[in-house]
Amino acid sequence: MRPPYTPQQNGIMRAAARRVRYDEIPPQVAHARYVYCLWELKTTQPRAHNFYYTILPDACIDIVFDLDDCSASVMTPRQTAWRIALGRRFHYVGIRLHPGAYHGDVDAVVGAAIPIKRLAGWAVTDIIAALQQHSFTQQQDILATCIQRMIDCNLVQADDFIMQVIARLDGQHTITQIAQQLGCSERHLRRIVRQRTGFSPQALRTIVQFQRSFTEDWRELYADQSHYIHRFQCITQYTPQHYHKTYQA
């Protein structure tokens, strides 16, 4: 079995690193089956020009709070990196859910940022007002309350099946073999993966292999170097070498 899925988001260009900061912290232990991390993205100094942030596809769904605009959205990219303009000054805080954990309208969210006014019955304006009063580390209790409310109303559920599929999405197992290992039909596996993540198993494999290439040896994931470079470039528009020179690790 592979190591746990640890998706990377490092879409800050090195040239902007002194004025823009991104941080992640793990969720409370009680929420670890549902949530990959809590995160903050903000400017530390006002920028002279518009800042573009690159969101890497990871099959996770994010609940995003814009503390400057007092708004929130639910979002995730498709299979390619998503470059978005954030302006010259911004402050975002978010909850990144494990793939399959979000039980809202997944099809509407994939490839989009869906504005929300309430989260599990809690007005977004009230959540943001509470977040604005604290530093990121102190915001953990508020975000934990958001998570628990989503769990209580079944908007978020732990999905061990999807995580077991992801653990097997390497270059060695076919979708048929994964279904056999999990004791279900291939048709059932394809239906459940599509329903719960918004991606086909093959699309999910492409995303997972790409993400794992940041923390694992690409030779264990791809048939050869040209395959690795081609897939990486299709997703990011950069070769791996150029990407790692351009963006923070």
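These notebook entries record what I looked up about helix packing and internal spaces in a predicted model.

**Entry: α2 against α3**

I began with helix α2, residues 124-131, and helix α3, residues 140-152, whose axes lie 9 Å apart and pack at an angle of about 155°. Because angles over 145 degrees count as roughly antiparallel, I noted α2 as roughly antiparallel to α3. I also wrote down that the crossing of these two helices, α2 and α3, is right-handed.

I then asked myself which residues make the contact. On the α2 side they are Ile127, Ala130 and Leu131, and on the α3 side they are Ile142, Leu143 and Cys146. Sorting the residues of this contact between α2 and α3 by class, I found six nonpolar, no polar and no charged.

**Entry: α4 against α6**

Next I turned to helix α4, residues 160-167, and helix α6, residues 186-197, where the axes come within 11 Å and cross at roughly 110°. Since 65 to 115 degrees counts as roughly perpendicular, I recorded α4 as roughly perpendicular to α6.

From α4 the contact takes Phe161, Ile162 and Val165, while α6 brings Leu189, Ile192, Val193, Arg196 and Thr197. By class, the residues where α4 meets α6 come to six nonpolar, one polar and one charged.

**Entry: α7 against α8**

My third pair was helix α7, residues 201-212, with helix α8, residues 225-236; here the axes come within 11 Å and the crossing is at roughly 100°. I therefore entered α7 and α8 as roughly perpendicular to each other.

The contact is formed by Thr206, Gln209 and Phe210 on α7, together with Arg231, Phe232, Ile235 and Thr236 on α8. How do the residues of the contact of α7 with α8 divide by class? I have them down as three nonpolar, three polar and one charged.

**Entry: the largest pocket**

After the helices I looked at open spaces, and for the largest pocket I noted a space of about 370 Å³. Its lining holds 24 residues, and those closest to the centre of the pocket are Trp39, Ile55, Val64, Met75 and Ile84.

Which elements give two or more residues to this lining? I listed β2 (35-43), β3 (51-55), β4 (61-66), β5 (71-76), β6 (82-87) and β7 (91-97). The largest share comes from β5, which supplies five residues. When I grouped the lining of the largest pocket by class, the result was 16 nonpolar, four polar and four charged residues.

**Entry: the largest cavity**

Last, I checked for enclosed spaces, and the count came to one cavity of 30 Å³ or more. For the largest cavity I wrote down about 30 Å³ of space.

Pro27, Gln28, His31, Leu38, Gln140, Ala144 and Ile147 line the largest cavity. I asked which element gives the most to this lining, and the entry reads α3, with three residues. This is the helix of residues 140-152 that I had already met packing against α2. The lining of the largest cavity has four nonpolar, three polar and no charged residues, whereas for the largest pocket I had recorded four charged residues.

Methods
Residues are numbered from 1 along each chain as its sequence is written. This is a predicted model: local features need pLDDT of at least 70, side-chain atom pairs count only at pLDDT 80 or more; totals for chains, interfaces and linings use all residues. Side-chain values use heavy atoms; hydrogens and water are left out. Axes are lines fitted to C-alpha atoms, for helices over the stretch in contact, and angles run from 0 to 180 degrees between N-to-C directions. Helices (H or I, at least four residues) and strands (E, at least two) are DSSP runs, numbered from the N terminus. Angles under 35 degrees count as roughly parallel, over 145 as roughly antiparallel, 65 to 115 as roughly perpendicular and the rest as oblique. A crossing is left-handed if the near helix is turned anticlockwise from the far one by less than a right angle, and right-handed if clockwise. Contact means heavy atoms within 4.5 Å. Ala, Val, Leu, Ile, Met, Phe, Trp, Tyr, Cys and Pro count as nonpolar, Asp, Glu, Lys and Arg as charged, and the others, Gly among them, as polar. On a 1 Å grid over the protein atoms alone, a cavity is a set of points where a 1.4 Å probe fits but cannot get out, and a pocket is an open set with protein on both sides within 12 Å along at least five of seven lines; lining residues have an atom within 4 Å of a point. Grid points are joined across faces, edges and corners, and a volume is the space filled by probe spheres set on the points.
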